[in-house]
Each structure stands twice: as structure tokens, then as C-alpha cells.
Amino acid sequence: MSPLPELRYPTLAELVSCARALAARRPALCTLRQVGVSRAGRPLQLLSVGHARRAVLVVAGAHANEPTGGRTLLTLAERVLDERELRDGMSWHFLLCADPDGAILHVTPAPRSLLEYHLGFFRPAGPEQPEWSPAVLPPDRLPPETRALTAVIDELRPYLQVTLHGTDLGGSWVQLTKDIPGLAEPFAKSAAELHIPVETGASDAAGWPASGPGVHVMPEPDAGAVYPSMPDDARRSTWYHTHRYGGLTAVVEVPMWASDLVDDPAPHPAPAAAMRRLAHRLLRDALAVERVLAEARPRLEGVDGPLLRSAMWGLELIPGLAADWMHTPPADATMAYVGSVDAFGRRLPLRAAAMLLRVLRESDDHVAPRMERLVATWSDAFAERFRARWVPLEHQVEHQSRTVVAAALHARERET
């Protein structure tokens, strides 16, 4: 296989090149084929290892700003080839990148700081995300990336789909559409060995039952949403498409920068008051972004594109989310949960500001330095508040790989 670049995240072209070399090296076991195209016409590639009917589908690149998954995917493919027992009655299928257009737009392959990460930041609006679009769009308007992913699921009927995600700053956690008994122990052991905190109160899984620390099982479809204003419901995402074939989905999250503040299970002394404070800060930060944008807006007339659409989509979510935090009892009352909400509240306006900064720079607008100051100040404050420490890339990949393998083996036992 052609060597991966050291100490940084591979580009989309490098992922495809490595997968092509792997398939050429072991043609009896591996195939690489195109399974669809993006909105911009870029190919979606599927690397398959083994021929057994019982299938595991691994998806990388669903969110462009979460780059660990691509490298993990290739590491897993190598491991499956090297360890015969992982091919015992199982085939493995790796979707190299679910959103190749997004991968081109997120341009921080080797960030040295949260600021550098955000200066090249891109994450599409919800309707343009391949996994989330079914939660916010009618079936006849789904993007081609989503249709390609669901077609692969329809073809393979995997007993397990694993989608590789990540967070900029925090800890590791797993989201499951159905429980996988036994997964929590190897997940926790791997995180401890690699000095990666387990995010025990992830806001992404607010109100969900847990089968172990950091392993969250999605609630039944009739359960109410913890954040009613949020338009994207995981139970209407592509994660649930596997259920029609008796399968399930595991979402494996790993951090780029770790914070030891996200795994504290101690009760928060005043969670409702803390949530109100976080809601007020969220509104204040969003207003700061909107003020700079308002000054530039007349000069952005006619400007469109994924960066601007995504930034505006994120800003539009903020008032409803802040109201949820102020008027809904906290889904969890631990220090870890309030810390996770704190991080979430910092991300939304910071990401909007970062993408708008790129738009303003491309337009050579004179307010760009003001937006840059917001991005720099908030990035530094985020890192300082959570005592950010870089997780070596090899540890990110190793932990995610171990968790995927453990999920595949334990889910296979669940089947039998």
C-alpha cells in the first residue's frame, strides 16, 4: 500500500490512492468500486475486503471537519487483511468518504491549535449532510450522497454499520441505535490505555440511556426530543436504515484535543442555573457574529455557497436552542453534561464565525479582521477553559479502530 502521510490527516486523494493500492495488492480479497457521485460529480468509493454475506459497513467522512475517520478506515482495512479471524464469516466494506465535496472544503489537515483548525473550518448545513439530510428533507429532495449511502446499505444489508465521527475538543463516546452488550468494557479499557477521556455526559446523547460510561443507546422512536427546537432527529437519519435488515449502527466519536473536564460524573451543584448562563452566552456570542455580518451583508448580495449557507443555518438554530436550555430541565445533572453543553454552546457561534470569515476573506471585505478577532479570541478561550491537550493522531486512530473491532465482534455475538 502506498504510505500514508505521517503525523497528519490524509487528503481525499491520498485516501483513494491508498485504497487503490491495497485493492491491487490483494485482488483476491479486495475490490474498490464507485458506488455513487457527489453533487459536484466527485466519486464515492467503496473498498470491500472479503466475500462473506454477513457484512460490516464502515463509513468515514460524513462530517468534513472530523478527519480522523479516513485514516482509521485504512488502518482497519489493513488489520482485517492481516487478521484472518476478522474475516471469519464476515466481510468488511469501507465507504472512503461519504461527503467528498465537504472534504475538499475543510482545509486543516494538520492543525496545531484550535485557531488553526477553525481558520480552515467547514461543516455543511444539515440538509447537505449525507447522514442527517433524511431528518430534515423529504425523500424526493435527498442529496445524491445520501442516496448512494442508503443504496449501499440496501445492497449489503449489514448486521453492523459503524460511522466514524470525531469532536474537536472533549472526550470519546459511542452512540448506538441498539445496544451491543459487552462493548462498554473494551471501549473504556482502550480509552484508559491511550489517555483519552470518556465523555460520560455528551450533549449529543442528552437523555439517552447508557449501557456503560460513554456508551449511549438511542431512545425509542416515541421518546420526546430533549432539545425540541433542533430539526435533526437521529432516529430519522441514515443510521436507522440498517434496522430494516435487522442491523444496527454504532457511531464512534474520538477527540482531536482532549479535556479531562468531560468525564466528571459528580452532580453539578446548580445545573439549571448553569444552563441558563450558557444559553445567555450563546445568544450573546451569536449576536456578536450577526453584527459583523450585518455590516458586510450589503456587499455580499448575490454571494452564495456552502460556507455561507452552513454559517447561516447554524446561526438560525441558536435562538431555539438557547430557549431549550433556559426553559427545559437539564437532561442530566452531572458536571460532565454541563461541561459538554458548555462546549456545544461555544462551537455553534465559533463555527459560524469561522466559515463567515472565509467568505469575507474571499470577498476581500474590510470587516474580515473583526470576524478574525472573534475566531481567535473564542478559539483560545475554548482551549483554555477546557485545558485542551492534543491527542496524538496514532492514539485517535488506535482507539477508534479498537472500538470498531470490538463492536463488530460483540454485535456478531448478539446476532447468534
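**Overall fold and local features of the predicted model**

At a relative accessibility of 36%, Trp 390 counts as partly exposed, a value that falls in the interval between the 20% limit for buried residues and the 50% limit for exposed ones. This residue belongs to a predicted model, and its surroundings are taken up again below, after a description of the chain as a whole.

The chain contains 12 helices and 10 strands. Its radius of gyration is 21 Å, close to the 22 Å that the globule rule gives for 416 residues, and the chain is therefore as compact as a globular protein of that length. Along the principal axes, the C-alpha atoms fill a box of roughly 60 × 45 × 40 Å. Of the 416 residues in the chain, 58% are buried. When contacts between residues at least 6 apart in sequence are considered, 79% of them join residues that are at least 24 apart.

Towards the start of the numbering, strand 1, which covers residues 30–37, pairs with strand 2, which covers residues 43–49, in the antiparallel sense and over 7 bridges. Within this pairing, Gln 34 has Gln 45 in strand 2 as its bridge partner. The two strands form a hairpin with 5 residues between them, and in this hairpin Gly 41 adopts a positive phi near 90°.

Positive phi values also occur in residues other than glycine, including Asp 364, where phi is near 55°, and Arg 387, where phi is near 50°. Asp 364 is placed in the loop between helix 10 (335–362) and helix 11 (368–385), and with a relative accessible area of 68% this residue is exposed. Arg 387, for its part, lies in the loop between helix 11 and strand 10, and at 61% relative accessibility Arg 387 likewise counts as exposed. Elsewhere in the model, the charged end of Arg 385 sits over the ring of Phe 386, at 4.9 Å from the centre of that ring.

As to the cysteines, the count of disulfides comes to 0. Cys 30 is in no disulfide, the nearest cysteine sulfur being that of Cys 18, which is 13 Å away, whereas the sulfur atoms of a disulfide would have to lie within 2.5 Å. Cys 30 is buried, with a relative accessible area of 4%. For Cys 97, the closest cysteine sulfur is again in Cys 18, and because the distance is 14 Å, the two are too far apart for a bond. Cys 97 is buried too, its relative accessible area being 8%.

The count of aromatic pairs comes to 7. In one of them, the ring centres of Trp 92 and Phe 94 are 6.2 Å apart and the planes stand at 15°, so this pair is stacked. Both partners are enclosed by the protein, in that Trp 92 is buried with a relative accessible area of 0% and Phe 94 is buried with a value of 0%. Another pair, that of Trp 257 and Trp 390, is edge-to-face, with 4.9 Å from centre to centre and 70° between the planes. Since Trp 257 lies in strand 9 (residues 248–258) and Trp 390 in strand 10 (residues 389–390), this pair ties together parts of the chain that are 133 residues apart in sequence. The accessibility of the two partners can be set side by side: Trp 257 counts as buried at 5%, whereas Trp 390 is partly exposed at 36%. Ring pairs also link these two residues with Tyr 117 and Phe 121 into a cluster.

Two threonines are found in helix 6, which spans residues 144–156, namely Thr 150 and Thr 146. Thr 146 is buried, with a relative accessible area of 0%, while Thr 150 counts as buried at 17% relative accessibility, a value under the 20% limit. When residues up to four places away in sequence are set aside, Thr 146 touches Gln 129, Pro 130, Ser 133, Pro 134 and Thr 238. Under a corresponding exclusion of neighbours within four places, Thr 150 is in contact with Thr 238 and His 241. Thr 238 thus appears among the contacts of both helix 6 residues.

Notes. Residues numbered from 1 in each chain as written. Predicted model: local features only at pLDDT ≥ 70, side-chain atom pairs only at ≥ 80, totals over all residues. Heavy atoms only, no water. Pairing = 2+ DSSP bridges. Helix = DSSP H or I, 4+ residues; strand = E, 2+ residues; numbered from the N terminus. Buried < 20%, exposed > 50% of the residue type's maximum accessible area, 1.4 Å probe, protein only. Contact = heavy atoms within 4.5 Å. Phe/Tyr/Trp six-rings, centres within 6.5 Å; stacked < 30°, edge-to-face > 60°. Lys NZ or Arg CZ within 6 Å of the ring centre and 35° of its normal. Rg over C-alpha atoms; globule rule 2.2 N^0.38 Å.
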